[in-house]
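Please set out how the strands are arranged in the sheet and what lines the pockets of this model.

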Amino acid sequence: MNADFHVRAGDAAAGPYALDIDPERAGWGYSSLRVLDLPPGGHHSFAAGDSEWIVLPLSGGCAVRTDGADGEAFELTGRESVFSGVTDFAYVPRDAHVQISSGAGGRFALTGARCERRLPARYGPASGVPVELRGTGNCSRQVNNFGAAGVFACDKLIAVEVLTPGGNWSSYPPHKHDECRPGQESELEEIYYFEIEPAHGTEGVGYQRVTPSGPGHGTDVLAEVRGGDAVLIPDGWHGPSIAAPGHAMYYLNVMAGPGEKREWLICDHPDHGWIRGTWPDQPVDARLPLYAAPAGDAR
């Protein structure tokens with residue numbers, strides 16, 4: 001295992017960020033993730049630079065403003081926690097100056113990707129987030145496709161949330177997206193950011209596996225993850241992501257890469273892809289969905 005791929009909570013804290021992973025820190029070209037904690041009445045400003053960003057509340061709500069002639073202002077209702085509901089979000093373009101403020105305080109993810117095009121700042125309502133149930137049996141999980149390709153327009157950034165009930169395996173069968181093979185596989189760097197639902201006074205753990213996709217080299221990780229941890233995946237077969245019994249597991253996936261088309265095309269591990277064929281014979285875990293997107297939004 002290369003310990004650099006498992007970033008434990010606090011190991012990549014910088015300034016106002018509980019987690020700050022940029023391409024330089026990760027050793028790659030595109031994907032970024034920051035986690036910002038704001039106290040009640042707190043505020044924070046940052047320059048988007050050469051990256052596009054989605055501001056995603058993990059807990060609490062906030063106001064997001066961009067400066068300049070084409071500046072915008074968005075009020076994000078947010079949510080109590082990642083285990084309580086789908087959230088609204090805001091997209092801010094590259095080269096913008098961004099201000100985030102929160103009256104009640106909260107925790108906010110900034111998912112980013114280096115990009116070329118400057119798209120307009122936009123509000124993403126919670127009611128517009130497709131909630132997908134993927135897999136069946138103990139491979140059942142929930143995917144909140146707020147920033148998926150084909151769902152919300154970005155230049156390079158792809159981002160989704162995954163919720164796995166306690167005892168289940170997700171990111172399974174193991175799959176990869178580390179080669180550009182048009183129509184078959186995308187080349188995408190990926191960050192997993194984890195939260196674990198507490199239960200009976202304990203914090204809980206999960207497990208993440210990544211194995212090399214090339215002969216004799218590549219990313220090799222077996223990580224016991226806790227809330228606030230991240231795993232970096234520049235290449236390799238990734239999965240399973242395992243939730244310990246009694247504790248639901250959340251992870252935020254952030255992806256970007258050099259491809260001309262923004263798409264998520266994966267290749268299943270040849271030894272394990274057969275598991276998909278068993279899914280039609282099993283029911284989806286009755287605990288899912290943990291929650292659904294709200295029916296509508298007035299904005």
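## The open sheet

Seven strands, counted as such when DSSP gives a run of E of at least two residues, numbered from the N terminus, form an open sheet: the 7 strands follow the order β1-β21-β18-β23-β13-β12-β11 with antiparallel pairing, where two strands pair if DSSP finds at least two bridges between them. At the edges stand β1 (6-7) and β11 (131-134), each of which pairs on one side only.

Within this sheet, β18 (residues 189-196) and β21 (residues 230-233) are joined in the antiparallel sense over 4 bridges, and Tyr-193 stands opposite Ala-230 in β21.

The model is predicted, with pLDDT of at least 70 needed for local features and 80 or more for side-chain atom pairs, while totals for chains, interfaces and linings use all residues. Residues are numbered from 1 along each chain as its sequence is written, and side-chain values use heavy atoms, leaving out hydrogens and water.

## The largest pocket

A pocket is here an open set of points on a 1 Å grid over the protein atoms alone, where a 1.4 Å probe fits, with protein on both sides within 12 Å along at least five of seven lines, and its lining residues have an atom within 4 Å of a point. The largest pocket holds about 290 Å³, a volume being the space filled by probe spheres set on the points.

Of its 23 lining residues, Arg-134, Val-160, His-175, Asn-253 and Trp-264 lie nearest the centre, and β11, β12 (141-147), β13 (158-164), β18 and β23 (249-256) each give two or more residues to the lining.

## The second largest pocket

The second largest pocket, of about 240 Å³, is lined by 20 residues, with Cys-180, Gly-259, Glu-260, Lys-261 and Glu-263 nearest its centre. Its largest share of lining, 3 residues, comes from β17.
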